[in-house]
Amino acid sequence: MFQNAVKALRQGDKTAARFILTRLLENDNKNIKFWLWMTEAVESTNEKIYCLKTVLKLDPANAAAKRGLALLSKVTTTQAIPTTQKTEEELLFQNSRKAFKEGDKSTARRLLGELLKINPKNVTYWLWMSEAAESSSERNYCLQNVLNLDPENLAAKRGLIKLRELPPAKIIQQPQPLVNSFAPQKSALRVHEISSSEKAKILPRKQRISIKKINWYIVFGGIFVALITFIAIFGPAFAPHDPMKENYSLIVDGKIRTPPYKMFDVPGYFLGTDRYGRDLYSRLLYAVRPTMIMVLAVAGVRLLLGVILGLAAGWLEGRKGRFLESLLSTSLSIPVLIAAIFGIYMIGVDKGLWAFIVGLGITGWAETARVVSEQTRAVKTQTFVEAARALGASDRRVLYVHVLRQILSMLWMLLAFEISATLLVSAELGFLGYYIGGGVWIEILDFVTVNVEGLPELGQMLSSALVKISDPAALIIVGSVICMGVLGFNLLGEGLRRQMSNENLRSGNRFGFLTPAIEEWLDDRIFRPASIWVEENRRMVLAIGGLLFISLSGWVVYKTVYIPPIIAETNQLEVAGDHLWASERHDSFGTLYVDFSLDSQPEPIWNLLIPGGPSGRPVVTKDGILIIGGVDKTAVAIDPNGTILWQTQLEAAPIGTPALNAEGNIYIADTNGGITALDPNGNILWRAQVSKGRDATSGPIIDSNGNIYLTIVEDVYAVNPQGEILWRAFAADAYLEEPPRLSPDQKMLYLKNSVFNIETGQRIEVPIGSPDQYTFLDPAYFSGADGKNYYRLGHELIGWQLDGAEVKTEPGITWEHASSVLFTPFEQGVTPNKMFWMFYTTSWTDTRMIWLGSQNLLVGNYRFPYPNGKIIAVGEKGEAYMCGSNGAEVNCINIAPGAETPTWAIDINSREIVIGGVIVPGRLYVSVGNDGLYAFEINETSTP
Amino acid sequence: MLRFLLRRLALAPVVLVFANFLGYYFAFSIAPVISANNPYSTKVTDLPPVLPEYFNYISKLAQGDFGKTFNGEPVAEAIARVSTASLGLIGIALTLSIGAGILLGRLAVRRNRAGVSTWLTFTSTIGLALPSFYVATLLITFFLFIFLYATSGNSTLIPFQGFGWDAHLILPVLALTFQPTVKIAQVTGGLLSEELEKQYVTASLSFGHSFENIKNKFAFRSILAPILLTVASSLRLMIAELIIIERLFNWPGLGRLIASALSIGARSQDLLSPPLIAALLTVLVAIFLFIDLLATSLSRLIDPRLRAET
C-alpha cells in the first residue's frame, strides 16, 4: 500500500496519496516514513509543518524534517496558526475520520461542518464532506466547491463524473442547509463542466468513450439518403417533360422516329424513353416520390406489426404463445403477392398509392415477426434474463429493457430488407399488370389497346422495362436508381447500428448517437419529467391512449372496408319533369344518353298500329305513358300495356317527335308550320301558327323555362309557353330536319353549325375550324352528356368552351375513318364517362358505330349490317341501342363498346323502315313505318 | 419435440384447405372487380354466390378432376411439370448459396479483433441492395456485350434464355444465388464472431484445440439454428422472385404459370380462373409450410436451447 502511495505521489495524485497515507498512519501512528511522505502529500503549508513537526517529535534527529521545516518557515511566517487551534482542528478532523470508519456519517458530517466553519477553503474537508453527504446534490455541491478551490483536483472530478452516471433524484439545486451554515461566497458557484477529453484522462482506460472515428457508413448512407430525399421532394420540378405524355413521333434530323428512343438519340430526351415514348428522365424524377412514400410507409407498418407480434409470439408461453406461433407460420405461408393483389383490389385500385400501401403493409409482416420471435426466444433463455427476473423484474421490464435492446440493433437490417422486399413486390405487381391507380390505356396498334402503368413508380417502371432484354439500357438505369436508394438505407442502417452498438447504448444513452450534452438535457428536461407525469396520471393517459387507438383503428377500418361504387358519378344533365323520354333525342340537350342498361333480350309484348303511321319517336312521361304523333293528324297516348288512353285530332299532320315539358304538357309541331300544345289528358291547350305555310321539319324541344324551340326548314323559332313567338333566327342554307339542341348551361341553342343566344336569338360566333372546311366536313355543335360543349368537325369531336369572346378548345378526338366510311356521322355524342361515340348510317350502306376514348383510343368499331340505321340511345355502359331496316326485316340490337357481337338482337318482321325508338328501364319501344309501335320488355326470366 | 411436430402437422391440412378456398374465393371475386375497373371490358359483373360453386369444385376434385388450364392441359399435370422445373432451379441455387455463404462467412471471421472482416460487411451491405432481377439484368447485359465483342456476334457461349438442365442453368442460378449467398455469409459471419467471444472458446483454445477447428466445428454448431432460419427466409424470397426471373430467362416454371394466371393481360377467359388459382395457391402454401416446418423442426432438433418450451 505504501508503494501505491508513493506511486500516486510520483504521478502527482496528492489526494490519493493522502488518503492512503492517512489510512496507513491510522494503523501505525509512529512511522516516520509515512509522515514524511505525508508532508509531500498534504496541500497547505500548515499541514506540512504539522507533519514535519510530528516527524521531529518522533525522531528529533531527522534531517529531512529539519530541512523541510527550515524551508517552510521562510514562507509561512504569515500563515502561522496557533498550535492550539491547529490541534483542535486536527482533533476534529481525526474524530470525523473516526466517525467515518465507524460508519457514523451524521457525526462525521457534523464534525466536518465545524471544520469547514473554521477553514472553508480546505479542499480535504470538502472532499471528506462529499463522502459524508447523503444526497447526490449535496455531494455535487461539495465537489463543486472543491473544484472552485482547486480546479485541477482529480478526486473531485472523478467524483463528479461518477455522479453524473447516477440518476439524479431531482434537478440539481443548491441544497439549503449547507448554504445557510456556511454562508459561502455570494458570487455564483461556477459549475465545472468536464470536457470529454478531460474525462478521457481521468477515467480508467476501460471506461473511456471511444476516440472519434469517422463512421463512413453513416456518411455515405447519409449522403445517399439525403440525395434520394431531395429528389423525392424537389424532383418533379426538374423534370424537363411531362412524364405521362406519350410521343409517338419525334422529328430527329428531319426524319420521323418512333419510340422507344434509345439513350442520347433524341435531343431533349437524353435518357431515352420507354416503349410508348414517355421520357425516362422525367419519369424517374417523378417516380422517386411515390416510391419512397410507399416503401417507407409499407416498411413502417410491416415493422411495427412484425415487432409487436413477434415479441408476443416469442415471449408468451403456453397456449397463447403456440397460437401466435401458428398464426405466424400460417401468415408466412401465404405468398405475399397474392395476398397483396387481393388486398389492393378489395380496397379499390382507384385509390392509387394508398391502396398499395395498405395492401402491401398488412401482408408480409410475417418475415419480421419470425425474425423477432426467434430472437426473443433466444434472449429469453439467456441467464441474464433469469437473473433479472430473480431480482424481481417484471415481464414488461425485461422485454422493454433487455429484449428490445437486442432487437433494436437488428432493426436497421430489417428495415433495409423490408425496403427491398417491398420494391420487389411492387415490381412483380407491375409486371403482372396491376398498376398503381389502375394504369392508363394506350393504343399500340389499330384497335389494340394495352393497360400500362400510369403513375411512375420505380418498381413498376422496372417491370415495364423488362420487356426487351437485348436493349437493357432503361432497365439498368431504373435498377440503378432503385439500387442506390436501397443502398443508401442499407449503409445508413449499418452505420447507425455501429453507432448504437458503441458504448453509447451501454452508458445509458437512449439514442446512442446524440452527444452527451444533448442527451442529458433531454433526459433532465423532457424525458424524466414526462415519465414522472405519466406515472402519476396513469389512468388518464390510458384513457386518452385508448380513445386515440380506437378512433385511429376505426378510421383505418372505415377507409379500407368501405368500397366506393365502381362506376363513376355522372353529372348528367337534368331532364325537366323527370320524364323518361322527353323529346326526340331523349332530352332537350340532345344527348341520346340513358343512365341504365337493358342487358337481357327483350321479348315483344305488343304492337300497336298508329293512324297514318307514327310521325317520329314516341315520348314517354314519367309514368311510362307513351305519346306519339300519327301522320293521320292525330296524337295518341298509350299506356304501357298497349291500350290507347286518348286520341286527339290535330289541325295538321304532326312531324317528328313530340316534346314534353315539366308539367307533362305535350307540344307537337306540324307540317303546316304550327305548334299544338296539349295537356296530359289530350285536351288541346292552344295552337300557334309559327310560320306561315312552311312545314316544320322537326319536333320541338323544351327548355327549363318551358320555352319551345323548333326547326322550320332553315330557321329556328323560339316560342313561349303561351304560344307567342319569341324570336326567329336563320340557321343554315340547308334543309334541316333535326331539332335544335340546348347547350349544357341552357344559355345557347345549337342547330347544326350555328349557335344562338337562347334569349335573344342572336347568333354567337364560336369559331372552331376554318370556314372552307365546313362544306365537306358537315360541322355541328352539340352537348355532351358530361355537361360540356362539343363540336364535330368532320370525324373529329372537339370539346370547347367560351371564355368571354374567346373559344378554348381541347384536343380533338378522331379516328382513322378513311377506309371505313364515306360520309360524316349522322349522330354523335359523349357519355358522362367521357366516351365519345359517332353513328354513321345511310339508306344504302351498312351502319357503323364508333366509340372513342381519350387520346384517340379506338374503343369499338362495330359494323351493323343494316342500312337505314337509327340510333335509339347510348346506355350506361356505353352500349349502343340501334335499329336498322333492310326492307325485309327490322333488326334492333344492343352492342357494347368493343364487342364483336351484339349483346342481344331483336328481329322484327316488317318491311317498313324504322323511324326511331326509345328505351326506358326494362323496355324498348320502336316505331316502324306503317306498322306502328312495337313494344318489347325484358322478362325477368329471359335468358341473356 | 414430437408434440411440437405433431401439433404443426395437425395444423397443416387446415391451412391447406383454407388456402384452397382463399385462392378460389380470391379468383372468383376479383375478376369482376378487375373488369369493372376496365371501362372497355365486356364481362358480366354480377356474381353467383361462392359456396355452391366452391362445393361444385370440391366434388370435382374428389373425382380427381382438377380443372384445366388454358391450353387444355389438366392442372395437375401442368403444376407437376412446372414445379419440377422451378424446384430444380431453386434447389441448385440454394445449395450453392448455402455452401458459398457459409464458406465466406467463416472466412470473414477475424481472429485478432472481435467482429467480421470489413470486406464482408461492405459486400453484404451492397449485396442486400441488389435485388435478384437487377443482378439478372446486369448479368445478361454483361454477358451479352462480352460475347458480342468476343465472338463478334456469331454465337453466345452461354445461352441467355430458355430451358434446359445444362448451360441454360448458369445465368438464372447466378442471378438467384447472389443475394442469398451474401445474406447467409453476413449472418454466419456475425453470429460466428459473436460466438467466438464466449468463454468456452477461450477455454477450448487454452486446452489446445486449434482455432480453425473450434471455428468450423464447435462454435459453428452452436449457430446452426439461426442460419437455418436465414436459409428458410432466403428460400421464401427466392420463390417470390421466381416470377420475374423466369420471365427474364424464359424458364418454364412455377413463376411463369402464376404470372400467366394472375396477369391482367392474360386472355380474357383464362384470367383468374378459380380452379387454377386455387390449385396454385395450395401448392405454394404447401411449399412454404413445408419449408417452415422443416426449418423450425430442424432448428429445434439441432439447438437444445430452443427446445426449452413447447
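In this predicted model, the place where two helices of different chains meet is a useful point of entry: A:S329, A:L332 and A:S333 in α15(A) are in contact with B:V285, B:F288, B:L289 and B:D292 in α10(B). By class, the residues of this contact divide into four nonpolar, two polar and one charged. Helix α15 of chain A covers residues 318–333 and helix α10 of chain B covers residues 274–302, and the two pack with their axes 8 Å apart, at an angle of about 135°. Because of that angle, α15(A) counts as oblique to α10(B), and the crossing in which α15(A) passes α10(B) is right-handed.

This helix pair belongs to a wider meeting of the two chains, in which 56 residues of chain A are in contact with 51 residues of chain B. On the side of chain A that touches chain B, the elements that give two or more residues are α15, α16 (336–347), α18 (366–380), α20 (395–432) and α22 (473–501). The largest share of that side comes from α22(A), which gives ten residues. Sorted by class, the side of chain A that touches chain B has 33 nonpolar, 15 polar and eight charged residues.

From the interface one can turn to the nonpolar interior, where the largest core has 167 residues, and where A:I341 and B:L280 touch the most other members. If residues up to four places away in sequence are left out, A:I341 touches A:L429 and A:Y434 and, in the other chain, B:L262. Apart from this core lies another, of 105 residues, which includes A:L710, A:V874, A:C892 and A:F936.

Seen as a whole, chain A has 944 residues, of which 43% are buried, and its secondary structure comes to 26 helices and 36 strands. Where contacts in chain A between residues at least 6 apart in sequence are considered, 55% of them join residues at least 24 apart.

Some individual loop residues of chain A complete the picture. Between β6 (619–620) and β7 (626–630) runs a loop in which A:D623 is found. How many other C-beta atoms lie within 10 Å of A:D623, and is the residue buried or exposed? The number is 11, and A:D623 is therefore exposed, since a residue counts as exposed when 12 or fewer such atoms lie within that distance. Although A:D623 and A:L580 are 43 residues apart in sequence, their C-alpha atoms are 8.1 Å apart in space.

The loop between β7 and β8 (634–638) holds A:K633, a residue other than glycine whose phi is nevertheless positive, near 60°. With 18 other C-beta atoms within 10 Å, A:K633 is partly exposed, because this count falls between the limit of 12 or fewer for exposed residues and that of 20 or more for buried ones.

A positive phi also occurs at A:K834, likewise a residue other than glycine, where the value is near 65°. A:K834 lies in the loop of chain A that runs between β26 (827–830) and β27 (836–840), and with 17 other C-beta atoms within 10 Å this lysine, too, is partly exposed.

How values were computed
Residues are numbered from 1 along each chain as its sequence is written. Chains are lettered from A and ligands numbered from 1 in the order in which they are written. This is a predicted model: local features need pLDDT of at least 70, side-chain atom pairs count only at pLDDT 80 or more; totals for chains, interfaces and linings use all residues. Helices (H or I, at least four residues) and strands (E, at least two) are DSSP runs, numbered from the N terminus. Two residues are in contact if their C-beta atoms, placed from the backbone, lie within 7 Å. A nonpolar core is a set of buried Ala, Val, Leu, Ile, Met, Phe, Trp, Tyr and Cys residues joined through C-beta atoms within 7 Å. Axes are lines fitted to C-alpha atoms, for helices over the stretch in contact, and angles run from 0 to 180 degrees between N-to-C directions. Angles under 35 degrees count as roughly parallel, over 145 as roughly antiparallel, 65 to 115 as roughly perpendicular and the rest as oblique. A crossing is left-handed if the near helix is turned anticlockwise from the far one by less than a right angle, and right-handed if clockwise. Ala, Val, Leu, Ile, Met, Phe, Trp, Tyr, Cys and Pro count as nonpolar, Asp, Glu, Lys and Arg as charged, and the others, Gly among them, as polar.
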